[in-house]
Amino acid sequence: KDADVGMLVVAGLLLALQPQALRVKYLAGIGGIGVILVVLLSLREYAAAAVATSVVVALITCSAPARWAAAKPFRRVVLGGLSAGIVALVLIQLSRSGEAIYRLADLEQLAHLRRGFAVGAGSATNPNPGLETFAGALRFLPTGVVDFLLRPFPWERGSALAVLSRPETVVYYILLLPAALGIFVSLWRMAGLALPMVPFLAIDVVGSALVISNHGAIYRDRCVGLLTRVSCCGYSRR
C-alpha cells in the first residue's frame, strides 16, 4: 500500500507540475489526474487531499494573471505579501471556531489513528498527546513536526535496525540546510513550478506529524516523502 500510494503521488505531482497538462484542452492530463485522485482517495485520503491541493495551486500558477505577477520580482513580493495576509486572516478566523470545525470534520479520530500506530511498537513516541481536541492538536503540532522531520535521533536507543539507520540520519541532517536553501531559491526563481509543492509539503508534514507515533514509520514515510519531492522537482527542472 505504501508503494502504491508513493507511486500515485509521484505521478499526480508530475502531472500537476506540467502546466500544459493542466490546461482544459489537454483532457488526457486532466483525466489522468482525476483517475489518480480517485484511486488515492480509496487508499489514503490525506494523500489525495495533498495532491488535489497541489493541482489547484498549479492551475492558479499557470494562469495568465499569475504568469504576469511572476514576470517581475517586485510583483512576486507584493503578491506573496497579499497571499500571506489572506492566509493569516483565514487562520485567525479558523482559530476562533476551530473546535467546532475540528469536531464537525470528525478529526478526533486522529487520536485513535495515532494510538493504533503505537500498539505493539517498541519505538513509539507520544502515543496519546491529546489530539481529541483542537487545542490539544495545536499544542502538540510543533513537537509532532520536530518528531517527524528529525527523529529518531542518532543518540536514541533502539533496535538493531534503528542502529543501522544512524549514519543515514546524520547525512540527512547535513542535507537539511542546503534543502532549505534550495526551497527558497526555487520559490524565488521558479515560483510556478515550486509553489504547487508547498501545500503538498505542508499537508504531508502536518498530517504525518499528528498521526504517526512509531519511529520506524516516521523514518520510512519521511524517506518516501523526500524521494517523492526530489524526483518531482528534478524532473520538472529539466
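## Aromatic pairs

A search of the whole structure, which is a predicted model, turns up 2 aromatic pairs. One of them brings together Phe153 and Trp155, whose rings are stacked, with 4.9 Å from centre to centre and 5° between the planes. Trp155 has a relative accessibility of 65% and counts as exposed, because the cut-off for that class is over 50%.

Tyr172 and Tyr173 also pair, with ring centres 5.9 Å apart. Their planes meet at 45°, so this pair is tilted. How does each of these tyrosines stand towards the surface, buried or partly exposed? Tyr172 is buried, at 12% relative accessible area, while Tyr173 is partly exposed, at 25%. The two fall into separate classes because buried means under 20%.

## The overall fold

If you trace the chain in your viewer, you will meet helices and no strands: the secondary structure comes to 14 helices and 0 strands. Read along the sequence, the pattern is therefore α-α-α-α-α-α-α-α-α-α-α-α-α-α.

The protein has 238 residues, of which 31% count as buried. Its exposed surface is about 14000 Å², and carbon and sulfur atoms supply 73% of that area. Contacts reach along the chain too: among those between residues at least 6 apart in sequence, 67% join residues at least 24 apart.

One pair of residues is a handy example of sequence distance set against spatial distance. Ala52 and Ala16 are 36 residues apart in sequence, and their C-alpha atoms are 9.0 Å apart in space. Ala52 sits in helix 4, which covers residues 45-61, and is partly exposed at 28% relative accessibility.

## Salt bridges

How many salt bridges does the structure hold? There are 2. One joins Glu132 to Arg115, with 3.0 Å between the closest N and O atoms. This pair links distant parts of the chain, 17 residues apart: Glu132 lies in the loop between helix 8 and helix 9 (134-150), and Arg115 lies in helix 8. Both partners are partly exposed, with relative accessibilities of 30% for Glu132 and 33% for Arg115.

The side chains of Arg151 and Asp147 also meet in a salt bridge, at 3.3 Å from N to O. Here both residues are buried: Arg151 has a relative accessible area of 13%, and Asp147 has 6%.

## Arg114, a buried charge

Arg114 is worth a look alongside those bridges. It belongs to helix 8, residues 109-118. Arg114 is buried yet has no salt bridge. Why does Asp147, the nearest side chain of opposite charge, not count as a partner? Asp147 is 4.6 Å away, and a salt bridge needs the nitrogen within 4 Å of the carboxyl oxygen, so the pair does not qualify.

What does Arg114 touch, leaving aside its neighbours within four places in sequence? Its contacts include Thr125, Asn126, Pro127, Pro129, Leu131 and Phe140. Also in contact with Arg114 is the run of Ala209, Leu210, Val211, Ile212 and Ser213.

## Helix 11, inside and out

Helix 11 spans residues 166-189 and is home to Thr169. Thr169 is buried, with a relative accessible area of just 2%. Apart from neighbours within four places in sequence, Thr169 is in contact with Leu150, Pro152, Pro154 and Tyr219.

The helix also has a share in the surface. Val77, Leu181, Phe184, Val185 and Trp188 form a nonpolar patch there, with about 490 Å² of accessible area together. Which element gives the most to this patch? Helix 11 does, with 4 residues.

Val185 is one of the patch members and is found in helix 11. At 32% relative accessibility, Val185 counts as partly exposed. That is enough for a place in the patch, because patch residues need over 30% relative accessible area. Helix 11 thus offers both views, with Thr169 buried and Val185 partly exposed.

How values were computed
Residues are numbered from 1 along each chain as its sequence is written. This is a predicted model: local features need pLDDT of at least 70, side-chain atom pairs count only at pLDDT 80 or more; totals for chains, interfaces and linings use all residues. Side-chain values use heavy atoms; hydrogens and water are left out. Rings of Phe, Tyr and Trp (its six-membered ring) pair if their centres lie within 6.5 Å; planes under 30 degrees apart count as stacked, over 60 as edge-to-face and the rest as tilted. Buried means under 20% relative accessible area, exposed over 50%, partly exposed in between (1.4 Å probe, protein chains only). Helices (H or I, at least four residues) and strands (E, at least two) are DSSP runs, numbered from the N terminus. Contact means heavy atoms within 4.5 Å. Accessible areas come from the Shrake-Rupley method with a 1.4 Å probe; for residues, only the protein chains shown count as cover. Lys and Arg count as positive and Asp and Glu as negative; His and the chain ends are not counted. Patches are made of residues with over 30% relative accessible area and no salt bridge: like charges are joined within 9 Å, nonpolar side chains (Val, Leu, Ile, Met, Phe, Trp, Tyr) within 5 Å.
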